[in-house]
Amino acid sequence: MRRMRTLRAIVAAVTTAVAAAGLTALGTGTSQAATPLPNRVFAPYFEAWTGESPAALSAQSGAKHLTMAFLQTAAKGSCTPYWNGDTGMPVSSAVFGADIKTMQGRGGDVIPSFGGYTADTTGTEIADSCTDVKQIADAYEKVLTTYDVTRLDMDIEVDSLDNSAGIDRRNKAIKLLQDRAAASGRKLEISYTLPTTTGGLAPSGLAVLKNAVANGARVDVVNLMTFDYYDNAAHDMAKDTQTAAQGLHNQLAALYPAKTAAQLWAMVGVTEMIGVDDFGPAETFTLANARTVYDWAVAKGINTLSFWALQRDNGGCPGGAAADNCSGIAQNTWDFSHVFAPFTGGTTTPADDFSVTTGPASGTVTAGAAATTTVSTAVTSGAAQSVSLSASGLPAGVTASFSPASVTAGGSSTLTLATTSAAVSGTYQITVTAAGPSAAHTATYALTITGGTGHQCTAAPWSSGTVYTGGQQVSHKGHTWKAKWWTLGEEPGTTGEWGVWQDLGAC
């Protein structure tokens, strides 16, 4: 802060000091040690309600940075945020803290995101819920310091876009937080995630940014949700991303006339919905679209590339509708992550690093038998570290075991893939993850199964976030299930004989 010797400056300095005293954590050494995000970052969304480990999926997918969705209050009127509004998941080092530290140790990080569709439609987005600007800023600060991160995201859509009081409180709280951070020398970035048209922000989204400017709140990144257009038009999703971003660039130029064209592009973020989006097959983002968007994003110098969501990056429901746990198109697990991951720039190679390979990298087995491969690691820089091994992408009827389950970099392990006679014939890409304290890498093994008696499930996979009505069928853990009545979030196989889900048998 400038320290001019005028009465006005002294009053301003006192005001800033009071703001900085809201929570003292911003002035601690640990908080100041937080590492800023790269100038270009790929940070797909992680669905924090699934019970999965963000560090594990980060390692498996190769996405070092994740956007964590979502933080919201448990009830309208509250000023306390929880992960997914679940009071059992408070902002605490005991919830995601170890995972985030692991990711940071590997050169990655997370971007906690406030809001999201559910919060924005139920009045539990914190600035809609809480009417005290200071308490909103305190909540932001607690997230910032608990997890030692440098960027917070505000996902504002649907009803929250029309809540003018909430918009104003949010930007005032951001300004207050930024004053505290500046007073303590703390790095802080704010991103706004907003819905878009194919030509840029709609007036409601633009009004959010205009209010930020009016309140003196700095917006570092505007992240467009380039999906769910719902306009009944034909769509080239890659082209639509480019026209939407160009429209945003033009809008930002009017809001920030002192910035250069390059600086404006460096404020732009893009979030795709991989595969089929909520509108349906007419709005399908393909792998070819991803490669086009990647090349465009690099050329334009945008700041953030993302997609919804990491847990959807697999081909578990080809030909299906939008779901939380699969893309709805035919693909290999982590295909989209592998296209976008190289976008991240400015990261450093860990001092202690290693590589991992499988040999052979593929094999064929008759259902009921087992295949083996050697997982080899090698030190590529620094000292050897302890590396734990795991496998993902296993189809039904296949289990994996490692002997040994962890090695010192430079060592090897035997991976055994055991199949049952009920396994489904086909070829599957198994991801082998090797995770150490300062780095994580993956290798693949293509397992072909022949002679299996199992049958591929045809019903769409069950999704915890989808509403089902009586008669609808889903697949889950190798069985087909039928809903007896309306249900949301009740897992098939856990509701009992008299529960909502009827087991129709193995598929």
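Biologist: Does Thr-444 count as buried, partly exposed or exposed?

Modeller: Bear in mind that this is a predicted model. Thr-444 sits in strand E21, residues 440-450. Buried means under 20% relative accessible area and exposed means over 50%. With a relative accessibility of 40%, Thr-444 therefore counts as partly exposed.

Biologist: And what separates the C-alpha atoms of Thr-444 and Glu-141?

Modeller: Along the chain, Thr-444 and Glu-141 are 303 residues apart. In space, their C-alpha atoms are separated by 41 Å.

Biologist: Okay, on to Trp-486: is it buried or exposed?

Modeller: Trp-486 is in the loop between strand E24 (479-483) and strand E25 (487-488). The cut-off for exposed is over 50% relative accessible area. Trp-486 has 53%, so it comes out as exposed.

Biologist: Which residues make the nonpolar surface patch of about 300 Å²?

Modeller: Trp-486, the exposed loop residue we just discussed, is one of them. The full set is Val-467, Trp-486 and Leu-488.

Biologist: How many of the eight residues of helix H3 are buried?

Modeller: Helix H3 covers residues 54-61. The buried ones are Pro-54, Ala-55, Leu-57, Ser-58, Ala-59, Gln-60 and Ser-61. H3 is largely enclosed by the rest of the structure, because the buried count is seven of the eight.

Biologist: Which residue just after H3 takes a positive phi?

Modeller: Look right where H3 stops. The phi there is about 85°, and the residue is Gly-62.

Biologist: Now the empty space inside: how much of it lies in the largest cavity?

Modeller: The count comes to one cavity of 30 Å³ or more. Among its 13 lining residues, Thr-67, Asp-153, Ser-191, Asn-223 and Thr-304 are the closest to the centre. The lining divides into four nonpolar, seven polar and two charged residues. The space in this largest cavity is about 80 Å³.

Biologist: Which strands each supply at least two residues of that cavity's lining?

Modeller: Asp-153, one of the residues closest to the centre, falls within the 151-155 range of strand E6. The strands to look at are E6, E7, E8 (221-225) and E12 (304-308).

Biologist: What volume does the second largest pocket have?

Modeller: Gly-116, Tyr-117, Thr-118, Glu-157 and Asp-278 are the closest to its centre, out of 39 lining residues. Strand E3 (65-73), helix H5 (117-122), strand E7 (189-195), helix H9 (203-215) and strand E9 (268-273) each supply at least two residues of the lining. The lining splits into 18 nonpolar, 15 polar and six charged residues. The volume of this pocket is about 1,200 Å³.

Notes. Residues numbered from 1 in each chain as written. Predicted model: local features only at pLDDT ≥ 70, side-chain atom pairs only at ≥ 80, totals over all residues. Heavy atoms only, no water. 1 Å grid on protein atoms, 1.4 Å probe; cavity = no way out; pocket = protein on both sides within 12 Å on 5 of 7 lines; lining within 4 Å. Points joined across faces, edges and corners; volume = space filled by probe spheres on them. Helix = DSSP H or I, 4+ residues; strand = E, 2+ residues; numbered from the N terminus. Nonpolar A, V, L, I, M, F, W, Y, C, P; charged D, E, K, R; others polar. Patch = residues over 30% accessible without salt bridge, like charges linked within 9 Å, V, L, I, M, F, W, Y side chains within 5 Å. Areas by Shrake-Rupley, 256 points an atom, 1.4 Å probe, with all protein chains shown as cover. Salt bridge = Lys/Arg side-chain N within 4 Å of Asp/Glu carboxyl O. Buried < 20%, exposed > 50% of the residue type's maximum accessible area, 1.4 Å probe, protein only.
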